[in-house]
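Please look over the structure shown below before reading on. The exchange that follows takes up its parts one at a time.

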Amino acid sequence: MEQKLLLDVEKVCKKFCKDLKWSMFHGMSDLLKITFCIDLKRDQLRAEEFWAISDIDLKLFKGDILCILGNNGSGKTTLMRMISGIYPLDKGKISIHGKISSLFAIRSGMHPHFSGRENIYIKGGMFGLNQKQIKEKMDWIIEFSELEDFIDSPLGTYSAGMRSRLGYSIAVGTQPDILIIDEGLAVGDASFRLKCFENLKSISKDCGIIFITHNIKRVKVLANRIMILDKGKFVYESTLVEEGMDYYIDNCAKLSTREFLS
Amino acid sequence: MKSIVYTPESNHQKSLADNLRELWSDLRNFRHLLKNLVILSLTKQYKKSILGISWLIISPILSVVVWVLLQASGLFNPGDTPVPYVAFVLLSNSIWMFFISFYHGISDCILGRGGELLQNNFPKIIIVFERIIVSIINFVIPLTLSILVLLLFGARFGWEALFFLPALLPLVFLGIAIGLVFAVIKVVAVDFTVLFDNVIDVLKYLSPVVYSTAVASDLIQDIIKWNPLTYLIDFPRKLLLGEGMDAWELYLLFSLISLALMILAFRFFYLALPWVFEKVTL
């Protein structure tokens with residue numbers, strides 16, 4: 001049976017500037033060019049610029065739980081922000097078929113003086129849900145986050161784990177077609193994490209999931225595909241997760257002892 | 001199932017009409033978030049206060065007291081003003097604060113909430129509209145107090161006063177236009193904003209805010225004659241005070257220019273912000 005394509009990333013590039021002064025100079029120059037409708041020539045590098053993401057191709061299908069591994073600064077978050085529509089592309093094309101929800105910082109956009117319930121309305125709105133849709137999902141979010149007794153208390157009284165559980169539950173409660181989780185799986189205690197893993201496996205039948213983590217154990221438990229990003233390029237892709245992890249450990253992770261990870 | 005395609009040209013291929021359609025669609029699709037953010041913004045500053053939201057009333061009352069004391073001290077000797085000077089300045093100051101609240105609120109909103117906007121993908125224009133609505137709400141309370149003080153000092157209002165609020169719209173448009181342009185520029189570098197903050201401070205004294213258009217100085221008379229803000233401030237103020245509709249042609253001209261500037265500023269915001277947005281982290 002043909003797999004349903006949810007995300008198609010084709011030859012995508014993104015550049016950044018290393019130097020603050022040059023970054024301001026290029027920024028002002030871009031603003032002037034936009035004002036006078038002059039081509040920005042985004043496909044060319046200027047002084048102190050570099051390709052943070054270079055010629056990336058990626059396809060995500062329904063049922064995929066794709067783990068993207070890579071060292072710090074390899075471009076994982078930048079790529080996820082481009083897919084989410086937060087950063088524009090300098091080259092290439094991204095086609096998204098369906099609704100996308102991204103979880104970058106699990107507690108971002110939540111406010112300590114407001115109750116858990118009020119925060120569900122605010123954060124749910126950020127995911128594009130309207131009042132009616134949030135009301136419909138409210139019971140599920142409260143139950144899944146296990147916050148029944150505290151949902152009307154101010155978020156500031158919650159522990160870090162409780163806030164994370166709420167943030168994760170809201171994101172998953174939006175029922176996206178593509179779910180992006182960037183370093184967001186350190187949720188609550190061990191039993192809640194296990195509950196999340198089971199939930200992700202269960203919802204992946206109806207959607208595609210991309211998650212970014214440095215925790216090798218989570219990759220083993222969850223992923224059915226693995227891609228390794230190094231210096232802005234994909235250097236490895238496989239459905240054989242354990243082999244991919246070996247590749248990452250041997251070629252990318254700068255470790256003195258292998259036992260540290262395995 | 002909804003499909004979206006992003007390319008480097010996605011933004012530039014959009015016409016002005018496309019930008020306005022996008023603005024409308026963003027506001028329609030995220031209206032619930034907008035409502036919640038406005039409530040959040042109005043209540044969060046007082047959430048940890050004993051007097052709570054009553055500060056929304058207490059702060060303007062304190063301003064009234066200060067101005068009344070200044071008037072009693074005989075500190076000012078302004079031009080010929082149609083109502084007692086203290087009431088005149090209270091009203092004019094409210095109008096001026098209303099105008100610059102759009103500039104300050106909107107120009108700060110992207111840089112000030114950059115972290116939140118980087119982690120949550122919702123249209124950035126929602127934050128702009130949150131600032132616009134909060135500015136309007138924050139204006140209504142001091143305005144009501146100013147009108148009460150005007151009544152207290154003997155002012156009586158005619159039918160023209162009903163058009164005071166609609167007549168302020170061009171000033172709102174201009175404030176929004178300036179705010180949107182600086183919201184984008186501020187993400188790249190703050191130099192121009194620091195400069196413009198000083199320009200705005202000076203502009204207050206080059207516009208008929210703390211004095212009337214009948215001020216004695218010839219130099220000031222010449223400056224305010226060429227200052228578009230004169231007409232955008234003075235026309236609605238005269239409507240409220242029942243002083244006729246002088247210079248309505250110029251008011252109309254600058255109103256249309258303000259509206260055009262605001263529409264162009266929305267286009268600039270939509271076209272330019274995505275390309276510089278990554279710099280909010282710098």
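The questions and answers below concern a predicted model and move from one chain to a single residue and then to the pockets.

Q: How many helices and strands make up the secondary structure of chain A?
A: The C-alpha trace of chain A spans about 55 × 50 × 45 Å along its principal axes. Within chain A, the secondary structure comes to eight helices and nine strands.

Q: What radius of gyration does chain A have, set against a compact globule?
A: A compact globule with 262 residues would have a radius of gyration near 18 Å, and the value for chain A agrees with this. Of these 262 residues, 55% count as buried, and among contacts in chain A between residues at least 6 apart in sequence, 70% join residues at least 24 apart. The radius of gyration of chain A is 20 Å.

Q: What share of the area that chain A exposes is supplied by carbon and sulfur atoms?
A: Chain A exposes about 11700 Å². Of that area, the share supplied by carbon and sulfur atoms is 51%.

Q: Is A:Ile181 buried or exposed?
A: A:Ile181 is found in strand β6 of chain A, which covers residues 178-182. Leaving aside neighbours within four places in sequence, A:Ile181 is in contact with A:Leu103, A:Tyr168, A:Leu200, A:Ile210, A:Phe211 and A:Ile212. Because buried means under 20% relative accessible area, and A:Ile181 has a value of 1%, A:Ile181 is buried.

Q: Which residues that line the largest pocket are the closest to its centre?
A: About 1500 Å³ of space lies in the largest pocket, and 49 residues line this pocket. The elements that give two or more residues to its lining are β5 (100-103) and α4 (131-145) of chain A, together with β1 (3-6), α1 (16-29) and α12 (248-276) of chain B. By class, the lining has 23 nonpolar, 17 polar and nine charged residues. The closest to the centre are B:Ile4, B:Tyr6, B:Asp26, B:Asn121 and B:Pro123.

Q: Which element supplies the largest share of the lining of the second largest pocket?
A: The second largest pocket holds about 520 Å³ of space and is lined by 25 residues, of which B:Pro60, B:Ser63, B:Met97, B:Asn138 and B:Pro142 lie nearest its centre. Two or more lining residues come from each of α3 (55-72), α4 (85-112) and α6 (125-152) of chain B. The lining has 14 nonpolar, ten polar and one charged residues by class. The largest share, nine residues, comes from α6(B).

Conventions: Residues numbered from 1 in each chain as written. Chains lettered and ligands numbered in written order. Predicted model: local features only at pLDDT ≥ 70, side-chain atom pairs only at ≥ 80, totals over all residues. Heavy atoms only, no water. 1 Å grid on protein atoms, 1.4 Å probe; cavity = no way out; pocket = protein on both sides within 12 Å on 5 of 7 lines; lining within 4 Å. Points joined across faces, edges and corners; volume = space filled by probe spheres on them. Helix = DSSP H or I, 4+ residues; strand = E, 2+ residues; numbered from the N terminus. Nonpolar A, V, L, I, M, F, W, Y, C, P; charged D, E, K, R; others polar. Rg over C-alpha atoms; globule rule 2.2 N^0.38 Å. Buried < 20%, exposed > 50% of the residue type's maximum accessible area, 1.4 Å probe, protein only. Contact = heavy atoms within 4.5 Å. Areas by Shrake-Rupley, 256 points an atom, 1.4 Å probe, with all protein chains shown as cover.
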